[in-house]
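Please open the structure in your viewer and keep the sequence beside it, so that each selection can be followed in both. The tour moves from one selection to the next.

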Amino acid sequence: MSASENFSVARAWLAAFNAHDVEGLVALYAEACTHTSPKIRLLHPETGGKLVGRPALAKWWREAIARLPGLRYEETALTADGERVFMEYLRHAPGEEPMPVAEVLEVKGGRIVASRVYHG
C-alpha cells in the first residue's frame, strides 16, 4: 500500500466512526485483526485491553455508541507511510471535556490488521 492509500483507509475509518456505521468500520479490518485501547482495559479488564477479530470489534463499537450516542472524533493530524497511519484526533463525548487521542493503524493488503489507541 502507498501512503496515499493508507490515508484513504484512515479517512474512511474516521468517516465510518463518526457516522456510527459499525459495519462499514469493521469492513476496513482484516478478519484476524487486533485492537487495543485503555478504554477496553478499563471497561473489560479480562481482555487486558485487547480485542481480537472483527466480531469483537463490532461488539465493542456498538456498546460504545449505545453508551455515548454523541461520540465523535475530530481529526487533528494524519501521518502515513506504506505500512501504517498515525492518527491524532479529539474525542468528543457528551458531558466530557474533549480528549486528545493518538491511534496507530497497521495496514496490509488494504485492510487494518492492528489498531492501537493511546491516551491518558
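Which residues have the most contacts inside the largest nonpolar core? Bear in mind throughout that the model on your screen is a predicted one. Select Trp13, Tyr29, Trp61, Met87, Leu105 and Ile112, which are the residues with the most contacts inside this core of 35 residues. The elements that each give two or more residues to the core are the helices α1, α2 and α4 together with the strands β1, β3, β4 (84-92), β5 (99-108) and β6 (111-118).

**First stop: tryptophan 13 and helix α1**

Keep tryptophan 13 selected and show what surrounds it. Not counting residues up to four places away in sequence, tryptophan 13 touches Leu25, Leu28, Tyr29, Trp61, Tyr73, Met87, Tyr89, Glu103, Leu105 and Ile112.

Now widen the selection to α1, a helix of 16 residues that reaches 23 Å from its first C-alpha to its last, close to the 22 Å expected at 1.5 Å a residue. Its buried residues are Asn6, Val9, Ala10, Trp13, Leu14, Ala16 and Phe17. When you turn the view to look along the axis, these buried residues cover an arc of only 165°, which puts them on the same side of α1.

After α1 comes histidine 20, which has its place in the loop between α1 and α2. Its phi is near 60°, a positive value in a residue other than glycine. To see what is notable here, recall that most residues other than glycine have a negative phi. Histidine 20 counts as partly exposed because its relative accessibility is 25%.

**Second stop: the aromatic rings**

How many aromatic pairs does the structure hold? There are seven of them, and two are worth selecting in turn.

Begin with phenylalanine 17 and tyrosine 73, a stacked pair whose rings are 4.0 Å apart centre to centre, with 5° between the planes. Phenylalanine 17 lies in helix α1 and tyrosine 73 in strand β3, so the pair ties together parts that are 56 residues apart in sequence. Phenylalanine 17 counts as buried because its relative accessibility is 2%, and tyrosine 73, at 13%, counts as buried too.

Go on to tyrosine 29 and tryptophan 61, a tilted pair with 5.6 Å from centre to centre and 50° between the planes. Here tyrosine 29 lies in strand β1 and tryptophan 61 in helix α4, so this pair ties together parts that are 32 residues apart in sequence. Tyrosine 29 is buried, with a relative accessible area of 1%, and tryptophan 61 counts as buried at 4%.

If you now select Trp13, Phe17, Tyr29, Trp61, Tyr73 and Tyr89 together, you will have one aromatic cluster on the screen.

**Third stop: helix α4**

From tryptophan 61, extend the selection to the whole of α4 (residues 54-67), which has 14 residues and reaches 20 Å from its first C-alpha to its last, close to the 20 Å expected at 1.5 Å a residue. Where do the buried residues of this helix fall when it is seen down its axis? Colour Arg54, Leu57, Ala58, Trp60, Trp61, Ala64 and Ile65, which are the buried ones. Seen down the axis of α4, they fall within an arc of 165°, so they line one face of the helix. The face turned away from this buried side carries the exposed residues Pro55, Lys59 and Ala66. To see what covers the buried residues, add the surrounding elements, which include α1 (3-18), α2 (22-26), β1 (29-36), α3 (38-43) and β2 (50-52).

**Fourth stop: serine 37 and glutamate 74**

Select serine 37, which is found in the loop between β1 and α3. Serine 37 counts as buried because its relative accessibility is 6%. Leaving aside neighbours within four places in sequence, serine 37 is in contact with Gly49, Val117 and His119.

Finish in strand β3 (residues 72-80), where glutamate 74 has its place. At 35% relative accessibility, glutamate 74 counts as partly exposed. Apart from neighbours within four places in sequence, glutamate 74 is in contact with Glu88, Tyr89, Leu90 and His92. With which side chain does the side chain of glutamate 74 make a polar contact? The partner is histidine 92, at 2.8 Å. As a last step, select proline 98, whose C-alpha atom is separated by 9.5 Å from that of glutamate 74, although the two residues are 24 apart along the chain.

Methods:
Residues numbered from 1 in each chain as written. Predicted model: local features only at pLDDT ≥ 70, side-chain atom pairs only at ≥ 80, totals over all residues. Heavy atoms only, no water. Helix = DSSP H or I, 4+ residues; strand = E, 2+ residues; numbered from the N terminus. Expected span 1.5 Å × (residues − 1). Buried < 20%, exposed > 50% of the residue type's maximum accessible area, 1.4 Å probe, protein only. Arc of directions from axis to C-beta. Contact = heavy atoms within 4.5 Å. Polar contact = N/O pair within 3.5 Å; in protein donor to acceptor, adjacent residues only side chain to side chain. Core = buried A, V, L, I, M, F, W, Y, C linked by side-chain atoms within 4.5 Å. Phe/Tyr/Trp six-rings, centres within 6.5 Å; stacked < 30°, edge-to-face > 60°.
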